[in-house]
Amino acid sequence: MEQVKTAQELGLGKPRPGYEWEAGGTPPGDSAPGRWAAIKRTRDWAVIFRSDKGAEYIIHTFPLSEAGERAAKTMAMKLVDIAWGKNARVEQAKTTPAKPSVKQETAS
């Protein structure tokens, strides 16, 4: 995954509260459709999920700094990747069969 850029790195200046960066949405046909975004609020950066049904959920908050902005954007992008099945751990879990846990008894 490429590193996300902050608003200042993109030449947009220092973002004000209300600045929103949309990371992407759920795949078509998802049972809980919506979109993830990073939003600058007055006290922090928040990663949110907006359901297509109108509800908005705060997933996590980060410090009000450029590093906090980068972390919020990165988390939002990773959540989009997970929803689309692009996360390596998710893919590995899907393709690796579970090992049965069978206890073998020894004959006495």
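**Arg50 and its surroundings in the predicted model**

Arg50 is located in strand S3. The structure is a predicted model, and Arg50 serves here as the starting point for its description. With a relative accessible area of 30%, Arg50 falls in the partly exposed class, because that class covers values between the 20% limit for buried and the 50% limit for exposed residues. Beyond four places in sequence, Arg50 touches Glu20, Pro33, Gly34, Arg35, Ile39, Ala55 and Glu56. One of these residues, Gly34, lies 16 residues from Arg50 along the chain, and the C-alpha atoms of the two are separated by 5.3 Å.

Two of the listed contacts of Arg50 are also salt-bridge partners. The side chain of Arg50 meets that of Glu20 in a salt bridge with an N to O distance of 2.6 Å. This pair links distant parts of the chain, since Glu20 belongs to strand S1 (residues 20–25) and Arg50 to strand S3, with their positions 30 residues apart. Glu20 is itself partly exposed, at 34% relative accessibility. The side chains of Arg50 and Glu56 form another salt bridge, at 2.8 Å from N to O. Glu56 has a relative accessible area of 46% and is likewise classed as partly exposed. Through shared partners, the salt bridges join Glu20, Arg50 and Glu56 into one network.

In total, the structure holds six salt bridges. Among them is the pair formed by the side chains of Arg41 and Asp44, with 2.7 Å from N to O. The two partners fall in separate accessibility classes: Arg41 is partly exposed, with a relative accessible area of 31%, whereas Asp44 counts as buried at 12% relative accessibility.

The protein chain contains two helices and four strands. Along the sequence these elements follow the pattern β-β-β-β-α-α. The largest nonpolar core consists of nine residues, namely Trp36, Ala38, Trp45, Val47, Phe49, Phe62, Ala72, Ala76 and Val80. At least two core residues come from each of strand S2 (34–40), strand S3 (45–51) and helix H1 (66–83). Strand S3 therefore takes part in this core and also carries Arg50. In soluble globular proteins, nonpolar side chains tend to be buried together.

Aromatic pairs number two in the structure. In the pair of Tyr19 and Trp45, the ring centres are 6.0 Å apart and the planes stand at 85 degrees, so the arrangement is edge-to-face. Tyr19 is in the segment before S1 and Trp45 is in strand S3, so this pair ties together parts that are 26 residues apart in sequence. Trp45 is buried, with a relative accessible area of 2%. The other pair, formed by Trp36 and Phe49, is tilted, with 4.7 Å centre to centre and 55 degrees between the planes. Because Trp36 lies in strand S2 and Phe49 in strand S3, the pair ties together parts that are 13 residues apart in sequence. Trp36 and Phe49 are both buried. Trp36, Trp45 and Phe49 also appear among the members of the largest nonpolar core.

At the level of the whole chain, 27% of the 108 residues count as buried. The exposed area of the protein chain is about 7900 Å², of which carbon and sulfur atoms supply 52%. Among contacts with a separation of 6 or more, 37% are accounted for by residues 24 or more positions apart.

The average pLDDT of the protein chain is 85, and 78% of the residues score at least 70. Over residues 88–106, however, pLDDT stays under 50. For this stretch the model has four contacts beyond four places in sequence. Where pLDDT is low, the predicted coordinates should not be read in detail.

Methods. Residues are numbered from 1 along each chain as its sequence is written. This is a predicted model: local features need pLDDT of at least 70, side-chain atom pairs count only at pLDDT 80 or more; totals for chains, interfaces and linings use all residues. Side-chain values use heavy atoms; hydrogens and water are left out. A nonpolar core is a set of buried Ala, Val, Leu, Ile, Met, Phe, Trp, Tyr and Cys residues joined through side-chain atoms within 4.5 Å. Buried means under 20% relative accessible area, exposed over 50%, partly exposed in between (1.4 Å probe, protein chains only). Contact means heavy atoms within 4.5 Å. Accessible areas come from the Shrake-Rupley method with a 1.4 Å probe; for residues, only the protein chains shown count as cover. pLDDT is the predictor's confidence in each residue, from 0 to 100. A salt bridge is a side-chain nitrogen of Lys or Arg within 4 Å of a carboxyl oxygen of Asp or Glu. Rings of Phe, Tyr and Trp (its six-membered ring) pair if their centres lie within 6.5 Å; planes under 30 degrees apart count as stacked, over 60 as edge-to-face and the rest as tilted.
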